[in-house]
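Colleague: I have a new model open on my screen and would like to talk it through before I go back to the bench. Could you walk me through the main features?

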Amino acid sequence: MRKSQPGNAIRCGALIAALATLAAPPPAFAQNYPERAVRIIVPTAPGGSIDTTARVVAGKLAELWGKPVVIENRPGGDGLVAINAFISANDDHTLLFVPASTYTAHPYAHEKLPYDAERDLLPITNVTTIVIALCAPVSLNVTSLGEFIALARAKPDTLNVSAAAGNSDLILSAFIKSQGLPVARVPYRDIQQAPTDLAEARIHLLMSSYATMLPLVQAGKLRVLAVTSRKRVGIATDIPTVAEAGYPYLGLDSLIGMYGPRGMSNALRESIAADVRAVVEADPTIATRLATSGQVVDLRGPAEFAAGIKQIRDQLAAIAQTLGIKAAQ
């Protein structure tokens, strides 16, 4: 009997390995993703602007994918409830839909964090930017940020200011300190109460969602002094940006988008991002609908989204230095 030669055995083994590779199932992104229902976790209660956007996108993706796309609301805990539920799932069919502000300010608001954002929250696609505005009561008789600052200095310790928790609060606090403004900061457990107090001049400057203040603006009780967007946006083209007003320090793009779990391949993230772009761009009524909740469609793929998040993180790191705050480890 003829003995097998070592070289033949090696070639045979290589051939078997190659055939096994060909026979192996393709990576998840190359399959018909999703293979089953997709769950999207949202850190707010039903009915808010973030929830609305998530549901619009989920409905369109369900039509495209032919699989259910279910929204799961997990409000509370400064966003940690939703983030922990997302991380615990550890499943590429469970996604997270949050404003970047939900977690970018966490290192400066908590002594310890139960997650690592760069490792556990992988950017898939930004969907919208929420418009943040700085408003004052009409009764204060200021028409610009410059006039408000001049009034604060002319009447020290008489004006109160506030901001939505997270990025806005950090940025406004650092701005007040850097400008040496003699004003008092008023914290709110529920920022939804602040616009009414602003209209009644119990506070005198509020940095928060443009949409929450718009009804009182339209009623003639509030005046928008500037928006924090880095460029003028379609739903507020007549309002100057903070940079145009002379205060670029207050600039902030409030990004809202979708994230995948630790280990999700970039190819799968690119594929999902492409699908989101396709369904949003295919229906122009989506942009119109989201505009009513103070959002501007701002589609970005994984790399561009990650770059936008890094810009916010770098901005907050500099602000933390100004405020003397150390980041959680």
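Modeller: Happy to; we will go through the sheet, the cores and the salt bridges in turn.

Colleague: Let's begin with the open sheet of six strands: what is the order of its strands?

Modeller: Keep in mind that this is a predicted model. The open sheet has six strands with mixed pairing. At its edges lie β2 (69–73) and β11 (295–300), each pairing on one side only. Reading across, the order is β2-β1-β3-β10-β4-β11.

Colleague: Which residue in β3 does Ile-41 stand opposite?

Modeller: Strand β1 covers residues 38–42 and strand β3 residues 94–99. The two run parallel and are joined by three bridges. Opposite Ile-41, in β3, stands Leu-96.

Colleague: And at about what angle does helix α3 run to β3?

Modeller: Helix α3 is made of residues 80–89. The strands it lies across are β1, β3 and β10 (254–260). Relative to β3, the helix runs at about 155 degrees.

Colleague: Now the interior: which helix gives the largest share of the largest nonpolar core?

Modeller: That core has 83 residues, and those with the most contacts inside it are Ile-40, Leu-250 and Met-258. The largest share amounts to seven residues. They come from residues 49–65, which form helix α2.

Colleague: How many residues are in the second, separate core?

Modeller: Let me first stay with Leu-250: leaving aside neighbours within four places in sequence, its contacts include Leu-134, Ile-171, Phe-175 and Met-207. The second core is separate from the largest one and includes Ala-133, Ile-203, Tyr-210 and Ile-239. Its residue count is 19.

Colleague: On to charges: how many residues apart in sequence are the parts tied together by Arg-185 and Asp-169?

Modeller: A search of the whole structure finds 13 salt bridges, and in this one the closest N and O atoms are 2.7 Å apart. Arg-185 is partly exposed at 45% relative accessible area, and Asp-169 is partly exposed at 23%. Because Arg-185 lies in strand β7 (residues 184–185) and Asp-169 in helix α8 (residues 167–179), the pair ties together parts whose separation in sequence is 16 residues.

Colleague: What is the handedness of the β-α-β unit made by β6, α8 and β7?

Modeller: Strand β6 (residues 160–163) runs parallel to β7, with two bridges joining them. Within that pairing, Val-161 stands opposite Arg-185. Together with α8, these strands make a β-α-β unit that is right-handed.

Colleague: Which residue of β8 is the bridge partner of Ser-162?

Modeller: β6 also pairs with strand β8 (residues 205–209). This pairing is in the parallel sense, over three bridges. The partner of Ser-162 in β8 is Leu-206.

Colleague: Is Asp-253 buried or exposed?

Modeller: Asp-253 meets Arg-230 in a salt bridge, 3.6 Å from N to O. Arg-230 is partly exposed, with 38% relative accessible area. Buried means under 20%. At 17% relative accessibility, Asp-253 therefore counts as buried.

Colleague: One more: about how many helical turns separate Glu-281 and Arg-277?

Modeller: These two form a salt bridge whose closest N and O atoms are 3.0 Å apart. Arg-277 counts as partly exposed, at 33% relative accessibility. Because Glu-281 and Arg-277 are four residues apart in helix α11 (residues 266–282), the separation is about one helical turn.

Definitions and conventions
Residues numbered from 1 in each chain as written. Predicted model: local features only at pLDDT ≥ 70, side-chain atom pairs only at ≥ 80, totals over all residues. Heavy atoms only, no water. Core = buried A, V, L, I, M, F, W, Y, C linked by side-chain atoms within 4.5 Å. Buried < 20%, exposed > 50% of the residue type's maximum accessible area, 1.4 Å probe, protein only. Contact = heavy atoms within 4.5 Å. Pairing = 2+ DSSP bridges. Axes fitted to C-alpha atoms, helices over the stretch in contact; angles between N-to-C directions. Salt bridge = Lys/Arg side-chain N within 4 Å of Asp/Glu carboxyl O. Right-handed = clockwise from strand over helix to strand, strands pointing away.
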